[in-house]
Amino acid sequence: MHSNGTMLLLYALASIIILILMIAKWRLNPFVSLILVSIGMGAVTGMPLTKVLSAFQDGLGSGIGSTASVIALGTMLGKILAESGGAERIATTTIKIFGPKLIHWAMLVIAFIVGIPIFYQVGFILLIPLVFTLGRASGISLVKLTIPLCAGLATVHGLLPPHPGSMQCVEMLHADVGKTILYGFIVGFPAAILAGPLYGNWITPRIQLPAHNPFAESLEGSSDQDKNLPGFWLTIFSILLPVLLMVFSSGANIFLPHGNNVRAFMNFMGDPVVSLLIALLVSMVTLGFWRGFSSADLLKFTNDCLGPTAGILLLIGAGGGFSEILYRAGVSNAMADLSHVMHLSPIMLGFIIAAVIRVATGSQTVAMSMSGGMLAPIIFSTPGFHSPELLVLSIGAGSSILSHVNDGAFWLLKEYLNMTVSQTFKTWTVSVTIASIAALILTFGLQALGL
């Protein structure tokens, strides 16, 4: 690798360390810290200052634009579920079925199923109100409940089609979709168990959350509905409606040709923003008007819950700006070049390339799509390699590793659980890294079996 690439990697590493110090040790506002480090990173790599600002603004706009509507609509849906008593109904029923000792396992299963057709952020926003309600009802730490939720969602997002990164790899590497999904379940679920309930159970006593949590309080129902809770299946339908719409959209992409009108309509209905909007409107009727709430009540609920989302949107946007600076400076290409010179097997090479791009950009989807494109010409010329499905899984495993401050999911968990940066590293970053390494080991296991 050229010396210029080495310097880029050193600059990127230094910028990340400085960012962590600014936030964790020097107590500077994370949004301000991300702006300062982004400008500094762009400047030291030789980018003109006007282009540094332009790149940061582009990344910020892209980061917020892709998540703002989802977070807002999902938070409103969660608030109505809480105010109607729906979230409490799910909580009490879940506790009754699984018992307090197994609730964190139930969260993993729910996340793994719900996460199949939807993006990580959408699944997190849909299910986090349930975590808060279960925590209040059972007295279990939010950490113990949330880590399995995040592990399930993140593992599915990285390994299984129809998520965009995985689908792109399947197409680029000419892998079989059905085999990829089957192998993804075999690899993903054990990895999620290790990273979720098992690790969550170990780390929970070591994480002390503040008593005050603005997100939990904003989603806490305030009306007197305790004696007349809505039906369990009606509430489940309200949560799963956007999931069903996205499943239909994914199915249409698999079974219907391009240009088909039904496919186009289902893609529109299955868009995360549209599906959440439909679910919100339906819940306003089923859990709002049918429960005796007025339009004024619903307006108050949906307005009151939006305040805490402002800070997290700024952090996600600033993280996107930092990622864009790293990308335009050439850090991703430098990291990929470093992996190429190591002469590893395709599966290990796929894991490493995806991992280094993931660390540099903060995006699983970008890491997978770039890795698939770089590896396609390599594996097609590699004699004796007949496992493109396993390569897709190894790339997906690498794309999950070491999530840190340039990843919006990092800030989602930090803000919703009101944790420090250090605590988020100990919980979220370690959890997804455990899942990543476990998935790689299991993928090698499948290769050893001749699959």
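Before I start: I call a residue exposed when its relative accessible area is over 50%, buried when under 20%, and partly exposed in between. I'm working from a predicted model.

**Entry 1: His 174**
I went to His 174 and got 59% relative accessibility, so it counts as exposed. His 174 sits in the loop between α8 (164–172) and α9. I also checked its backbone: phi is positive, about 60°, although His 174 is not a glycine.

**Entry 2: Asn 418**
I found another positive phi at Asn 418, again about 60° and again not at a glycine. Asn 418 comes just after α20, in the loop that runs between α20 and α21 (421–448). Is Asn 418 buried, exposed or partly exposed? I read 26% relative accessibility there, so I noted Asn 418 as partly exposed.

**Entry 3: helix α20**
Next I looked at the helix before that loop. Nine of the nine residues of α20 (residues 408–416) are buried, so the helix is largely enclosed by the rest of the structure. The buried set takes in Gly 408, Ala 409 and the aromatic pair Phe 410 and Trp 411, and also the charged residues Lys 414 and Glu 415.

What caps the N-terminal end of α20? I traced the cap to Asp 407, where a side-chain oxygen lies 3.2 Å from the backbone nitrogen of Ala 409.

Lys 414 and Glu 415 form a salt bridge with each other, and I get 2.9 Å between the closest N and O atoms. Both partners are buried.

**Entry 4: Tyr 416 and the cores**
I then followed Tyr 416, which is part of α20 and buried. The largest nonpolar core has 96 residues, and within it Phe 124 and Tyr 416 touch the most other members. Leaving out residues up to four places away in sequence, I listed the contacts of Tyr 416 as Ile 71, Thr 75, Phe 124, Ile 125, Ile 128, Phe 132, Asn 213, Phe 215 and Ile 312. There is also a second, separate core of 34 residues, with Cys 169, Leu 349, Leu 390 and Leu 446 among its members.

**Entry 5: salt bridges**
I counted six salt bridges. A reminder to myself: side chains of opposite charge can pair when their charged atoms come close.

In helix α3 (residues 49–84), I looked at Glu 83 and Lys 79, which are four residues apart and therefore separated by about one helical turn. They form a salt bridge, with the closest N and O atoms 3.1 Å apart. Glu 83 and Lys 79 are both buried.

Helix α15 (residues 309–329) holds Arg 328 and Glu 324, again four residues apart and so separated by about one helical turn. Their salt bridge has its closest N and O atoms 2.7 Å apart. Here the partners are partly exposed: I have 40% relative accessible area for Arg 328 and 21% for Glu 324. Which residues make up the network of salt bridges that includes Arg 328? I found Asp 58, Glu 324 and Arg 328 linked in it.

**Entry 6: nonpolar patch**
Last, I went over the surface. Ile 97, Phe 98, Leu 102, Trp 105, Leu 194 and Leu 198 form a nonpolar patch there, with about 550 Å² of accessible area together. Helices α4 (86–98) and α9 (177–203) each supply at least two residues of the patch. I picked out Leu 198, which belongs to α9; at 43% relative accessibility, Leu 198 counts as partly exposed.

Key:
Residues are numbered from 1 along each chain as its sequence is written. This is a predicted model: local features need pLDDT of at least 70, side-chain atom pairs count only at pLDDT 80 or more; totals for chains, interfaces and linings use all residues. Side-chain values use heavy atoms; hydrogens and water are left out. A nonpolar core is a set of buried Ala, Val, Leu, Ile, Met, Phe, Trp, Tyr and Cys residues joined through side-chain atoms within 4.5 Å. Buried means under 20% relative accessible area, exposed over 50%, partly exposed in between (1.4 Å probe, protein chains only). Contact means heavy atoms within 4.5 Å. A polar contact is a pair of N or O atoms within 3.5 Å; within protein, one must be able to donate a hydrogen and the other to accept it, and residues adjacent in sequence count only if both atoms are side-chain atoms. A salt bridge is a side-chain nitrogen of Lys or Arg within 4 Å of a carboxyl oxygen of Asp or Glu. Patches are made of residues with over 30% relative accessible area and no salt bridge: like charges are joined within 9 Å, nonpolar side chains (Val, Leu, Ile, Met, Phe, Trp, Tyr) within 5 Å. Accessible areas come from the Shrake-Rupley method with a 1.4 Å probe; for residues, only the protein chains shown count as cover.
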